[in-house]
Amino acid sequence: MRVFNKLILVIWVSVSCTTTSKNNEGLPFFNSAELNPEWISSDNPNYEKIHTIPDFEFVNQEGKRVSQETYKGKIYVADFFFTTCPGICPMLEKNMSKLQDAFKNDDNVLLLSHSVTPLKDSVSVLKEYAIENNVITSKWNLVTGDKNHIYDIARSGYFADEDFVKTGDVNAFIHTENFVLVDRERRIRGVYNGTLAIEVERLIKHINMLKKENNI
């Protein structure tokens, strides 16, 4: 029943955003955990108050520091996973790989996957996972680090934890299928079900829309 309800929600969001965008220009912004799309023009007083991803610092599969500076001026897609996940994570990896292939030669588009089990997903574990899944390090960072930092940015930065919105339980395990599209100004421009091929295709279209928005 839960999967069925999610499918209905995905279809509703897709239709809703498509219908609304006919009366608005470009992609919306997402400013809260409710994930309500908002079209805000640059001359709107609220434009400067649009939610942005906070600063972060993690370590990637090569043992190198990854921060907001790594993604400065880039369009990127973020998600949350763990290497031993037997459920949705293999599908998330498969669809992230599709994004990697789609933008393999485009330096303006990057990927960022956060481990939600950072104590288990050490640099060496992430390195092995990256090799097994043909991850291109210059394109796609798999990161580990302080668990509290990862969980906080998932919830308050990317609004990626639906259960936390409902329960407020900071100790709950994060397990989300969301892919989050972030623009060059670190603002959220789309949220997608990363397990669904149709959502990944929509995400690719939206990335290209952002590129046109930025004339790149």
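In this predicted model, the largest nonpolar core comprises 52 residues, and those with the most contacts inside it are Phe 56, Tyr 76, Val 77, Leu 99, Tyr 158, Phe 179 and Leu 181. Strand E5 supplies the largest share of this core, namely six residues. Such an arrangement can be set against a general tendency: in soluble globular proteins, nonpolar side chains tend to be buried together. For the protein chain as a whole, 45% of the 216 residues count as buried. The secondary structure of the chain amounts to six helices and nine strands. Of the contacts between residues at least 6 apart in sequence, 69% link residues at least 24 apart.

Five of the strands assemble into an open sheet with mixed pairing, in the order E7-E6-E5-E8-E9. Strand E7 (140-143) and E9 form the edges, each pairing on one side only. From one strand to the next, the twist averages 20°. In general, the strands of a sheet pair through backbone hydrogen bonds, in either the parallel or the antiparallel sense. Both senses occur around E5 (residues 75-81), which runs antiparallel to E8 over three bridges and parallel to strand E6 (residues 109-115) over seven bridges. Ala 78 takes part on both sides of E5: Val 180 is its bridge partner in E8, and Leu 112 stands opposite Ala 78 in E6.

Strand E8 (residues 178-182) is largely enclosed by the rest of the structure, because five of its five residues are buried. Asn 178, Val 180 and Val 182 point one way from E8, whereas Phe 179 and Leu 181 point the other way. Phe 179 and Leu 181 are also among the residues with the most contacts inside the largest nonpolar core. On the side of E9 (residues 188-193), E8 is joined in the antiparallel sense by five bridges. Within this pairing, Phe 179 has Tyr 192 as its bridge partner, and Val 182 is partnered by Ile 188. The two strands form a hairpin with five residues between them, and Arg 186 in the turn adopts a positive phi of about 65°. Although E9 is an edge strand, six of its six residues are buried, so E9 too is largely enclosed by the rest of the structure.

Helix H2 (residues 89-102) is placed against the sheet and against a second helix. With respect to the sheet, H2 lies across E5, E6, E7 and E8 and runs at about 165° to E5. With respect to helix H6 (residues 197-213), the axes come within 10 Å and cross at roughly 30°. This angle falls under 35 degrees, so H2 counts as roughly parallel to H6. The crossing of H2 past H6 is right-handed. At the contact between the two helices, Asn 95, Lys 98, Leu 99 and Ala 102 in H2 meet Ala 197, Val 200, Leu 203 and Ile 204 in H6.

Leu 99 links several of these elements. Apart from neighbours within four places in sequence, Leu 99 is in contact with Val 77, Leu 111, Phe 179, Val 200, Leu 203 and Ile 204. Of these partners, Val 200, Leu 203 and Ile 204 belong to the H6 side of the helix contact, while Val 77 and Phe 179 are, like Leu 99, among the residues with the most contacts inside the largest core.

Two further residues are notable for their backbone conformation. Leu 35, although not a glycine, has a positive phi of about 55°. This residue is located in the loop between strand E1 (29-30) and strand E2 (37-38), and Leu 35 counts as partly exposed because its relative accessibility is 22%. Phe 159 likewise is not a glycine but has a positive phi, of about 50°. Phe 159 is found in the loop between helix H4 (147-157) and helix H5 (162-167). With a relative accessible area of 10%, Phe 159 is buried.

How values were computed: Residues numbered from 1 in each chain as written. Predicted model: local features only at pLDDT ≥ 70, side-chain atom pairs only at ≥ 80, totals over all residues. Heavy atoms only, no water. Buried < 20%, exposed > 50% of the residue type's maximum accessible area, 1.4 Å probe, protein only. Helix = DSSP H or I, 4+ residues; strand = E, 2+ residues; numbered from the N terminus. Pairing = 2+ DSSP bridges. Core = buried A, V, L, I, M, F, W, Y, C linked by side-chain atoms within 4.5 Å. Contact = heavy atoms within 4.5 Å. Axes fitted to C-alpha atoms, helices over the stretch in contact; angles between N-to-C directions. Parallel < 35°, antiparallel > 145°, perpendicular 65-115°, else oblique. Left-handed = near helix turned anticlockwise from the far one by under 90°.
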